[in-house]
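Open your viewer and get ready to click along with this short tour. At each stop you will get something to select and a note on what is there.

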Amino acid sequence: MQTEAGKTILIVEDEEKIARFLELELKHEGYQVLKAFTGREGLALAESGRADLMVLDVMLPELNGFEVLRRLRKTSQLPVIMLTARDEVMDKVAGLDGGADDYMTKPFAIEELLARIRLVLKKHVGAQKEETVLTYGALELHPARHEVRYGGEPVELTPREFSLLQVLLENKNIVVSRDTLLQKVCGYDYLGETNVIDVYVRYLRSKLDDVYHVKIIQTVRGIGYCIRD
Ligand code: CA
């Protein structure tokens, strides 16, 4: 559940009673809530990047839900759950074709909507993780594929070299201490020499800096290492 805590849900619904009810339920679950009562207002808020998920009614003034979704999808993959009227099967099909992540039929049980929100958020986080690429100049590290490239050329690293490079890239511009690196790269129960990190840094430099004539990992004397922009 921690992954969803504090996420912001945008409710786009012109029926104030429903919007208010959803707001209370979502806040009770620990979400932040933004509300819009028209399609146009909803689209603007969705495009502002302040929400993590949008609950979008179909029947709305100004722009209907499908139109909001169609415009949003030109620039954004914000997760969207559509609310459609009962038995409007065509609505559901159109909603999913239009890039909605899920839909709910009104009237709905709040518990079911909450469950779907959790699921869609989780899926979206998973998808983002998979796509993340860490970069530094021509250097690219793909965590999900366990791949490192320099200028498109594959670089062969051992698992520990890879994880050391990943930690430094994830903490770009932050000096990471030898102790932290040791824990993250070798594990908390590591009992070997503490200078093992210096050894891995040397290996990384021989595979990257020396080959491509760059200086990727900086030594911060007495503290640790850093990759700086
Ligand atoms: Ca409506």
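Select helix α8, residues 196–207, in this predicted model. With 12 residues at 1.5 Å a residue, α8 should span 16 Å, and its end C-alpha atoms are 17 Å apart, which agrees. Now show the side chains of Val196, Ile197, Asp198, Tyr200, Val201 and Leu204: these residues of α8 are buried. What covers the buried residues of α8? Color α6 (159–170), α7 (178–186), α9 (209–212) and β12 (224–226), which are among the elements that do so.

Stay with α6 for the next stop. Its 12 residues should span 16 Å at 1.5 Å a residue, and the end C-alpha atoms of α6 are 16 Å apart, in agreement. Is α6 largely enclosed or open? Nine of its 12 residues are buried, so α6 is largely enclosed by the rest of the structure. To see them, select Glu161, Phe162, Ser163, Leu164, Leu165, Gln166, Val167, Leu168 and Leu169.

Next, go to arginine 221, in the loop between β11 (218–220) and β12. Arginine 221 has a relative accessible area of 78%, so it counts as exposed. Try drawing a distance from its C-alpha atom to that of alanine 36: the two are separated by 53 Å, and they lie 185 residues apart along the chain.

Now for the calcium ion. Which protein atoms are its donors? Select Asp14 (OD), Asp57 (OD) and Met59 (O), which lie 2.1 to 2.3 Å from the ion. Along the chain, these donors follow the spacing D-x42-D-x1-M. Aspartate 14 sits in the loop between β1 (8–12) and α1 (16–28), while methionine 59 sits in the loop between β3 (53–57) and α3 (65–72), so this pair ties together parts that are 45 residues apart in sequence. Switch on a surface to compare the two: aspartate 14 is partly exposed, at 31% relative accessible area, whereas methionine 59 is exposed, at 58%.

The last stop is the largest pocket, with a volume of about 210 Å³. To outline this pocket, select Lys7, Ala51, Asp52, Gln77, Leu78, Pro79, Leu121, His124, Val125, Ala127, Gln128 and Glu131. Coloring this lining by class gives six nonpolar, three polar and three charged residues.

Conventions:
Residues are numbered from 1 along each chain as its sequence is written. This is a predicted model: local features need pLDDT of at least 70, side-chain atom pairs count only at pLDDT 80 or more; totals for chains, interfaces and linings use all residues. Side-chain values use heavy atoms; hydrogens and water are left out. Donors are N, O and S atoms within 2.8 Å of the metal (3.2 Å for Na, K and Ca); water is not among the atoms, so sites may look incomplete. Helices (H or I, at least four residues) and strands (E, at least two) are DSSP runs, numbered from the N terminus. Buried means under 20% relative accessible area, exposed over 50%, partly exposed in between (1.4 Å probe, protein chains only). On a 1 Å grid over the protein atoms alone, a cavity is a set of points where a 1.4 Å probe fits but cannot get out, and a pocket is an open set with protein on both sides within 12 Å along at least five of seven lines; lining residues have an atom within 4 Å of a point. Grid points are joined across faces, edges and corners, and a volume is the space filled by probe spheres set on the points. Ala, Val, Leu, Ile, Met, Phe, Trp, Tyr, Cys and Pro count as nonpolar, Asp, Glu, Lys and Arg as charged, and the others, Gly among them, as polar. The expected span of a helix is 1.5 Å times one less than its number of residues. Contact means heavy atoms within 4.5 Å.
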